[in-house]
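Here's a quick briefing to read with the structure open beside you. Have a look at the helices and the loops between them.

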Amino acid sequence: MPTRLVLSLALAIQGSNSHIPPATVTLYATQAEHIAKARHLDPWLLEALVERETRWTATAVRHEANGSCSAGL
């Protein structure tokens with residue numbers, strides 16, 4: 001059973017990008033919770049950064065002139 005935090009994050013992610021399948025939304029929310037706990041971050045900060053930079057789009061990668069790539073961070 002997902003935690004309240006995962007459910008809340010999932011609602012925020014789904015609201016940001018309604019084209020993401022529900023199973024993927026749950027996966028993203030679960031991973032956000034796990035990463036935030038492991039790094040001692042506020043999970044809502046992580047959610048806000050990803051929301052702002054990619055709108056939770058997995059293909060949102062920018063190729064830089066030096067050959068590297070980033071998600072706009």
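What follows covers one helix, two loop residues and a surface patch. Keep in mind that this is a predicted model.

**Helix α1: an inside and an outside**
- Helix α1 runs over residues 4-16, and its 13 residues should span 18 Å at 1.5 Å a residue. The end C-alpha atoms are 18 Å apart, so the length agrees.
- V6, L9, A10, I13 and S16 are the buried residues of α1. Looking down the helix axis, you'll find them within an arc of 120°, so they line one face.
- That fits the usual helix pattern: with 3.6 residues a turn, residues three or four places apart point the same way.
- The cover over those buried residues includes α2 (22-39) and α3.
- Flip to the other side of α1 and you'll see R4, L11 and G15, which are exposed.

**Two loop residues with positive phi**
- H40 isn't a glycine, yet its phi is positive, at about 60°. You'll find H40 in the loop between α2 and α3, and it counts as exposed because its relative accessibility is 72%, over the 50% cut-off.
- R55 isn't a glycine either, and its phi is positive at about 55°. R55 sits in the loop between α3 and β1 (62-63) and is partly exposed, with a relative accessible area of 44%.

**A nonpolar patch on the surface**
- L41, L45 and L49 make a nonpolar surface patch of about 260 Å².
- Of these, L45 belongs to helix α3 (residues 43-54) and is partly exposed, at 48% relative accessible area.

Key:
Residues are numbered from 1 along each chain as its sequence is written. This is a predicted model: local features need pLDDT of at least 70, side-chain atom pairs count only at pLDDT 80 or more; totals for chains, interfaces and linings use all residues. Side-chain values use heavy atoms; hydrogens and water are left out. Patches are made of residues with over 30% relative accessible area and no salt bridge: like charges are joined within 9 Å, nonpolar side chains (Val, Leu, Ile, Met, Phe, Trp, Tyr) within 5 Å. Accessible areas come from the Shrake-Rupley method with a 1.4 Å probe; for residues, only the protein chains shown count as cover. A salt bridge is a side-chain nitrogen of Lys or Arg within 4 Å of a carboxyl oxygen of Asp or Glu. Helices (H or I, at least four residues) and strands (E, at least two) are DSSP runs, numbered from the N terminus. Buried means under 20% relative accessible area, exposed over 50%, partly exposed in between (1.4 Å probe, protein chains only). The expected span of a helix is 1.5 Å times one less than its number of residues. The arc is that of the directions from the helix axis to the C-beta atoms. Contact means heavy atoms within 4.5 Å.
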